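Subject: Structure for your review

Dear colleague,

Please find below the structure that I am handing over to you. An account of what was found in it follows.

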Amino acid sequence: MASHPATPPDAQVRVNLAHLSPAQADGLACVVCGADYLTVKVPHLPIGRSRTGSQIFVCSTTCLAPGGAA
Ligand SMILES: [Zn+2]
């Protein structure tokens, strides 16, 4: 029984966790474009966790590239 990480199947976002801002690492801002979710109302999806264990997010419409947007 391995615990399965909740990763969206289409998430193709590479994030350098070492380079996140505090807001990004706390899940308060997009880890791709840096949009502040407290002030910018955009749909966003969790893509994993930062090194602090907080969920991190990307904008689901603009920053998440579903499969093969190269
Ligand atoms: Zn974004």
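I begin with the pairing of individual residues. L45 has V58 as its bridge partner in β2, and P46 is bridged to F57 of that strand. These bridges belong to the pairing of strand β1 (residues 44-49) with β2, which is antiparallel and runs over five bridges. Five residues lie between the two strands of this hairpin, and G53 there adopts a positive phi near 95 degrees.

Please note that this is a predicted model. The mean pLDDT of the protein is 83, and 76% of the residues reach at least 70. Among the elements, helix α1 (residues 22-25) has the highest confidence, at 96, while β1 has the lowest, at a mean of 93. As a general caution, predicted coordinates should not be read in detail where pLDDT is low.

Overall architecture

The protein contains one helix and two strands, in the order α-β-β from the N terminus. Its chain has 70 residues, of which 19% count as buried. If one takes the contacts between residues at least 6 apart in sequence, 48% of them join residues at least 24 apart.

The nonpolar core

Which residues make up the largest nonpolar core? There are 11 of them: L20, A25, A29, C30, V31, A35, I47, I56, F57, V58 and L64. Strand β2 (residues 55-59) is the element that gives the most to this core, contributing three residues. Such a grouping may be read against a general tendency: in soluble globular proteins, nonpolar side chains tend to be buried together. Within this core, L20 may serve as an example; once its neighbours within four places in sequence are set aside, L20 is in contact with A25, V31 and S50.

Individual positions

Four residues may be of interest to you in turn.

H44 is part of strand β1. Is H44 buried or exposed? H44 counts as buried because it has 22 C-beta neighbours inside 10 Å, and the cut-off for a buried residue is 20 or more. Apart from its neighbours within four places in sequence, H44 contacts C30, Y37, F57, V58, C59 and S60. The C-alpha atoms of H44 and A29 are separated by 9.5 Å, and the two residues are 15 apart along the chain.

C33 is located in the loop between α1 and β1. C33 is classed as exposed because 12 other C-beta atoms lie within 10 Å, and a residue with 12 or fewer is counted as exposed. C33 nevertheless touches C59 and C63, with residues up to four places away in sequence not counted. Although C33 and C63 are 30 residues apart along the chain, 7.1 Å separates their C-alpha atoms.

K41 also sits in the loop between α1 and β1. Why is K41 exposed? The reason is that K41 has 8 other C-beta atoms within 10 Å. From K41 to C59, which is 18 residues away along the chain, the separation of the C-alpha atoms is 9.8 Å.

A65 belongs to the segment after β2. With 14 other C-beta atoms within 10 Å, A65 is partly exposed, because this class falls between the limits for exposed (12 or fewer) and buried (20 or more) residues. The C-alpha atoms of A65 and V13 are 7.1 Å apart, with these positions 52 residues apart along the chain counted as their separation.

In summary, the model shows an α-β-β order, an antiparallel pair of strands and a largest nonpolar core of 11 residues.

Yours sincerely

Conventions
Residues numbered from 1 in each chain as written. Predicted model: local features only at pLDDT ≥ 70, side-chain atom pairs only at ≥ 80, totals over all residues. Helix = DSSP H or I, 4+ residues; strand = E, 2+ residues; numbered from the N terminus. Contact = placed C-beta atoms within 7 Å. Core = buried A, V, L, I, M, F, W, Y, C linked by C-beta atoms within 7 Å. Pairing = 2+ DSSP bridges. pLDDT = per-residue confidence, 0-100.
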